[in-house]
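The following report describes selected local features of one protein model. Please consult the sequence and the coordinates alongside the text.

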Amino acid sequence: MNDLSGTPTRYTTERPICVAVMAMGGQGGGVLSDWIVELAESQGWHAQSTSVPGVAQRTGATIYYVEMLPPKDGRAPILSLMPAQGEVDVVLASELMEAGRSILRGLVTPDRTTLIASTHRMYSVAEKEKPGDATADPAVVVEAAGVAAKRTIAFDMEALANKNNSHISACLFGTLAASGALPFGRETFEAIIKGGGRGIEPSLKAFSAAYDQATQPATPPPALTRPTKRFAPLPVSAGRPDLDKLLARIREFPEQLHNIVFAGVKHLTDFQDPAYAGEYLDRVAKIYEVDRTHGGAAKACALTAAAAKYIAVAMAYDDVIRVADLKTRSNRFERVKRENSVGEGQIVYTTEYMHPRLEEVAGTMPAALGRWFEANPALFGWAFRKGRRVRSGTIHWFLMLYVLAAFKPIRRSTLRHKREMAHLERWLSAAGARVAENYDLAVEVVNARRLVKGYSDTHARGESKFDRIIAAVPLLAPRADGADWMRRLRDAALMDENGIALEGALKTIATL
């Protein structure tokens with residue numbers, strides 16, 4: 001018979017309070033779970049926390065799980081290491097899609113769970129890796145939360161944290177205190193933050209701001225939709241004669257085109273200079289004349305609007321000069337410091353991974369020299385076989401990038417510029433040639449330029465897909481549904497990186 005005399009305690013079956021924290025890397029999820037544990041233990045409760053590391057698709061998304069239980073007759077509790085479906089009392093989500101992930105995992109239930117979530121977005125790799133727009137619809141998560149949770153408290157905690165120079169973990173902690181989901185007072189929560197070693201004041205400010213926001217009378221949340229483009233209004237004056245001339249030319253277009261054309265002018269002035277933006281306006285003006293001649297006014301100048309957008313994109317191609325320019329701007333280093341919460345006196349170095357191909361280097365040279373350089377890959381190809389990690393915060397590499405950025409005045413003479421402009425003219429000619437025959441198809445030909453983006457291999461793949469689509473235009477021009485088919489081709493090209501869907505769509509068109 002077994003000897004049970006050494007068994008020190010009996011275990012209680014009383015149910016613990018279960019809290020799950022859904023957070024991504026750098027958001028302080030570990031700090032938040034530690035605060036919750038310290039909070040419970042400070043009141044004499046038993047508490048235990050565990051974490052399940054996430055994956056790169058959600059930037060290191062991790063589930064932190066806490067169970068807590070008050071002491072009872074000196075009996076030690078049995079606490080779980082993992083959250084179970086239908087058993088979680090509070091879910092704290094550091095981002096909207098993390099709230100959605102908790103709902104999908106069954107951690108949020110209508111009979112038990114208080115869902116506390118920030119409504120801001122951080123895009124996953126799955127959303128960003130697609131050639132097209134793969135942004136998840138936030139309205140779906142909002143609707144699901146209204147059904148799945150017993151109670152939901154949601155607002156933009158990231159913005160509140162930034163406003164108070166703190167982290168979102170402090171805002172989540174403040175909202176948890178305000179929710180009343182845990183049987184502890186506000187002073188008890190604040191005492192935990194005060195017991196920390198660093199960033200106490202900003203954390204307390206963020207905590208207080210979130211607490212006050214969460215205790216405000218409930219109001220209908222704003223409708224969440226996919227992000228849309230926001231345009232700066234056309235100013236009265238830019239304060240410089242050359243820029244004011246560009247503004248005057250913009251006003252020659254219909255008012256509904258002012259914002260998009262102004263955006264293009266700003267982008268190209270930054271990319272090159274005001275004269276280059278003037279070339280952009282010349283091209284858009286030619287398209288507008290064709291548009292007006294063929295009844296574009298009845299269609300809100302759809303052809304010109306599309307051209308205004310994509311001509312600017314085509315003229316501001318990503319070359320070595322542009323990349324070096326962006327990487328050496330002072331506001332970029334300020335942004336890096338801000339996003340990483342760099343403190344006073346701390347030193348930050350940025351390390352860039354760069355792998356320029358022979359084509360990129362040749363494209364930066366004057367056209368004749370660049371063609372010779374490309375024609376002799378055996379002489380120089382060895383230098384571009386592997387990438388390099390460049391510490392752009394050091395004097396040596398910063399100066400090298402700064403010198404490359406200084407090549408901007410000679411950009412118009414480079415091989416890359418010659419090729420980009422030739423490709424642009426062929427594209428606009430293909431669109432212009434179809435306006436009289438099929439206006440809607442011409443608009444879709446212009447919109448197809450969306451496929452060409454980025455640099456290096458990404459640019460080459462996009463341009464290849466674009467050229468294959470343009471080659472199908474003669475087959476579609478006589479058809480009344482030609483514009484629809486052109487749109488389907490573009491959508492198919494955006495579905496996958498290798499163009500498998502596009503190949504199938506082109507084969508279908510060949511049988512029409």
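Q272 lies in the loop that links helix 10 (258–271) to helix 11 (274–293); helices (H or I, at least four residues) and strands (E, at least two) are DSSP runs, numbered from the N terminus. The model is predicted: local features need pLDDT of at least 70, side-chain atom pairs count only at pLDDT 80 or more, and totals for chains, interfaces and linings use all residues. Residues are numbered from 1 along each chain as its sequence is written, and side-chain values use heavy atoms, with hydrogens and water left out.

**Two loop residues**

Another loop residue, L257, is found between helix 9 (241–250) and helix 10. The table gives the accessibility of Q272 and L257, where buried means under 20% relative accessible area, exposed over 50% and partly exposed in between (1.4 Å probe, protein chains only). Its last column lists contacts (heavy atoms within 4.5 Å), leaving aside residues up to four places away in sequence.

| Residue | Relative accessible area | Contacts |
|---|---|---|
| Q272 | 8%, buried | K408, P409, R411 and R412 |
| L257 | 1%, buried | C301, T304 and A305 |

The side chains of Q272 and R411 are also joined by a polar contact of 2.7 Å. A polar contact is a pair of N or O atoms within 3.5 Å; within protein, one must be able to donate a hydrogen and the other to accept it, and residues adjacent in sequence count only if both atoms are side-chain atoms.

**Helix 2 and its surroundings**

Of the nine residues in helix 2 (residues 96–104), seven are buried: L96, M97, E98, A99, G100, S102 and I103. Their cover includes strand 1 (17–23), strand 4 (90–93), strand 5 (114–118) and helix 4 (138–148). At the N-terminal end, E95 caps helix 2, with a side-chain oxygen 2.8 Å from the backbone nitrogen of M97. Just after helix 2, G106 has a positive phi of about 80°.

How do helix 2 and helix 4 meet? On the helix 2 side, L96, M97, A99, G100 and I103 take part, and they meet P138, V141, A144, A145 and A148 of helix 4. These contact residues comprise nine nonpolar, one polar and no charged; Ala, Val, Leu, Ile, Met, Phe, Trp, Tyr, Cys and Pro count as nonpolar, Asp, Glu, Lys and Arg as charged, and the others, Gly among them, as polar.
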